[in-house]
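Could you walk me through this structure in my viewer, one selection at a time? I am new to this, so please tell me what to pick next and what I will find there.

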Amino acid sequence: MALKIIQSFDRSFVLDAKAKEILFNLLNSENFTGQICQILQCKDVKFTELLFQPVPYSTNTPKGMPKEFEKYHQSDDYLIVNVPPNFMFNAKIFKPSRLCAIYQKVISE
């Protein structure tokens, strides 16, 4: 089995307003954010409204994400979550087939 080397990858995408609204409502739902908090063992998280399409691993993208999002991967204050497939389906988003969402841990004093 040969490996296919990808020279370029189009990571751009645009969500129509209705799909974006549905997806953001699902990603902000109390049930979903509660599950994230339970996993992180934190009090609360906030969806930053930042989404990106995962990219193939390469020397330029060793984390499988666009460079501008790597700062969130390296921070303890943020979490990158794969958008669940059923959320994508409910929002009628079929291209791209995968998205990641960025959440910020809420620090309460």
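Here is a tour that goes from the sheet to the helices, then to the core and a single proline. Keep in mind along the way that this is a predicted model.

**Stop 1: the sheet.** Start by selecting the three strands. They form an open sheet of 3 strands in the order S1-S3-S2, with antiparallel pairing. Strand S1 (45-52) and strand S2 (78-82) are the edge strands, and each of them pairs on one side only. Turn the view a little to see the twist, which averages 30° from one strand to the next. In general, strands of a sheet pair through backbone hydrogen bonds, either parallel or antiparallel. Now zoom in on S1 and S3, which run antiparallel and are joined by 6 bridges. To find one bridge pair, pick Phe52 and then its partner in S3, Cys100.

**Stop 2: helix H1.** Next, select residues 17-27. This is helix H1, which lies across S1 and S3 and runs at about 145° to S1. Just at its start, click on Asp16: a side-chain oxygen of this residue reaches to within 3.1 Å of the backbone nitrogen of Lys18.

Which residues of H1 are buried? Colour Ala19, Leu23, Phe24 and Leu27 to see them. Looking down the axis of H1, you will find these buried residues within an arc of 125°, so they line one face of the helix. A general rule helps here: an α-helix has 3.6 residues a turn, so residues three or four places apart point the same way. On the other side of H1, Ala17, Lys18 and Asn25 are exposed. The cover over the buried residues of H1 includes helix H2 (30-40), S1, H4 and S3.

**Stop 3: helix H2.** Move on to residues 30-40, which make up helix H2. Its buried residues are Phe32, Thr33, Ile36 and Cys37. Seen down the axis of H2, they fall within an arc of 140°, so this helix too has buried residues lining one face. Glu30, Asn31, Gln38 and Ile39, on the other side of H2, are exposed. Among the elements covering the buried residues of H2 are H1, S1, S2, H4 and S3.

Pause on Thr33, which is buried with a relative accessible area of 11%. What does Thr33 touch, leaving aside its neighbours within four places in sequence? Show Leu27, Asn28, Val45 and Tyr103, which are in contact with it. Before leaving the helix, look at Gln41, which follows H2 and has a positive phi, near 55°.

**Stop 4: the cores.** Now select Leu23, Leu27, Leu51, Val83 and Tyr103. Of the 20 residues in the largest nonpolar core, these touch the most other members. H1, H2, S1, H4 and S3 each supply at least two residues of this core, and H1 gives the largest share, 4 residues. Apart from this core lies another, of 6 residues, including Phe52, Met65, Phe69 and Ile102.

Go back to Val83 and show its contacts. Not counting residues up to four places away in sequence, Val83 touches Leu23, Leu27, Leu51, Met88, Leu99, Cys100 and Ala101.

**Stop 5: a proline in a loop.** Finish at Pro96, in the loop between helix H4 (85-90) and strand S3 (100-105). Is Pro96 buried or exposed? Pro96 is buried, because its relative accessible area is 8% and the cut-off for buried is under 20%. Leaving aside neighbours within four places in sequence, Pro96 is in contact with Phe13, Gln53 and Met88. As a last pick, try Val14: 82 residues separate Val14 and Pro96 along the chain, while their C-alpha atoms are separated by 9.1 Å.

Definitions and conventions
Residues numbered from 1 in each chain as written. Predicted model: local features only at pLDDT ≥ 70, side-chain atom pairs only at ≥ 80, totals over all residues. Heavy atoms only, no water. Buried < 20%, exposed > 50% of the residue type's maximum accessible area, 1.4 Å probe, protein only. Contact = heavy atoms within 4.5 Å. Pairing = 2+ DSSP bridges. Axes fitted to C-alpha atoms, helices over the stretch in contact; angles between N-to-C directions. Arc of directions from axis to C-beta. Polar contact = N/O pair within 3.5 Å; in protein donor to acceptor, adjacent residues only side chain to side chain. Core = buried A, V, L, I, M, F, W, Y, C linked by side-chain atoms within 4.5 Å.
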